[in-house]
Amino acid sequence: MLRFTDEQIAFQEVPGEVSLAYTIAGCQLGCKGCHSGYSWHSEQGTALTDSYLQQRLQTYKGLISCVLFLGGEWQPQTLLQLLTRARSTGLNTCLYTGLDDVGPALKQQLTYLKTGRWLAEHGGLNSPHTNQVFTDLRTGQCLNHLFIQP
Ligand code: SF4
């Protein structure tokens, strides 16, 4: 079972979408300078069950366009079930992972994928030197340019 430490509406993490965003507890990548180090311990927070997500999607029906998971790829089958739930209601989906890739089954249920761990010297998606990549999986297009302030 996956658990989350934060549930919020996010406007910037996925360009052009209003996202219901979950910070999933239990990331083990240990990036130096991680902005959400408080979420590393996997036993904290609230259980993100299929029925919980279903209720939240009903609450936010018509108000959101996307469901964003900040982590969770370390339990691929559980994440897959949650992504499938979101997609079944017509919503787009996004995963932020610190890995460089995830498996094809997850990608099949994802609209967007952000890959790459946090490296302070390269910066995040708003840096032109970032190691991270934000991809629209429908087209394969890298959307990093949408995060750069003119
Ligand atoms: S992948 Fe993200 S959440 Fe995990 S340690 Fe790195 S910055 Fe933190």
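1. Before two helices are compared, it helps to know that an axis here is a line fitted to C-alpha atoms, taken for a helix over the stretch in contact, and that the angle between two axes runs from 0 to 180 degrees between their N-to-C directions. This is a predicted model, and the points below should be read with that in mind.

2. With that definition in hand, consider helix H1, which covers residues 50-59, and helix H2, which covers residues 76-88: their axes come within 10 Å and cross at roughly 25°. Angles under 35 degrees count as roughly parallel, and H1 and H2 are therefore described as roughly parallel to each other. The crossing in which H1 passes H2 is right-handed.

3. The residues that bring these helices together can be named on both sides, since Asp 50, Leu 53, Gln 54 and Leu 57 of H1 meet Gln 81, Leu 82, Arg 85 and Ala 86 of H2. Sorted by class, this contact of H1 with H2 is made up of four nonpolar, two polar and two charged residues.

4. Is Ser 39 buried or exposed? Ser 39 sits in the loop that runs between strand E2 (19-24) and strand E3 (46-47), and Ser 39 counts as buried because its relative accessible area is 3%, where buried means under 20%. A polar atom of the Ser 39 side chain lies 2.7 Å from the backbone oxygen of Ser 36. Leaving aside residues up to four places away in sequence, Ser 39 touches Thr 5, Thr 23, Ile 24, Ala 25, Gly 26, Cys 27 and Gln 44.

5. Gly 98 also belongs to a loop, the one between strand E5 (92-96) and helix H3 (104-108). With a relative accessible area of 21%, Gly 98 is classed as partly exposed, because that class lies between the 20% and 50% limits. Although Gly 98 and Thr 115 are 17 residues apart along the chain, their C-alpha atoms are separated by 5.6 Å. If residues up to four places away in sequence are not counted, the residues that Gly 98 touches are Leu 29, Glu 73, Gly 116 and Arg 117.

6. The last residue to examine, Thr 135, is placed in strand E7, which spans residues 133-136. Its relative accessible area is 17%, so Thr 135 is buried. Which residues does Thr 135 touch, not counting residues up to four places away in sequence? The contacts of Thr 135 are with Thr 111, Tyr 112 and Leu 113, and also with Gly 140, Gln 141 and Cys 142.

Methods
Residues numbered from 1 in each chain as written. Predicted model: local features only at pLDDT ≥ 70, side-chain atom pairs only at ≥ 80, totals over all residues. Heavy atoms only, no water. Helix = DSSP H or I, 4+ residues; strand = E, 2+ residues; numbered from the N terminus. Buried < 20%, exposed > 50% of the residue type's maximum accessible area, 1.4 Å probe, protein only. Polar contact = N/O pair within 3.5 Å; in protein donor to acceptor, adjacent residues only side chain to side chain. Contact = heavy atoms within 4.5 Å. Parallel < 35°, antiparallel > 145°, perpendicular 65-115°, else oblique. Left-handed = near helix turned anticlockwise from the far one by under 90°. Nonpolar A, V, L, I, M, F, W, Y, C, P; charged D, E, K, R; others polar.
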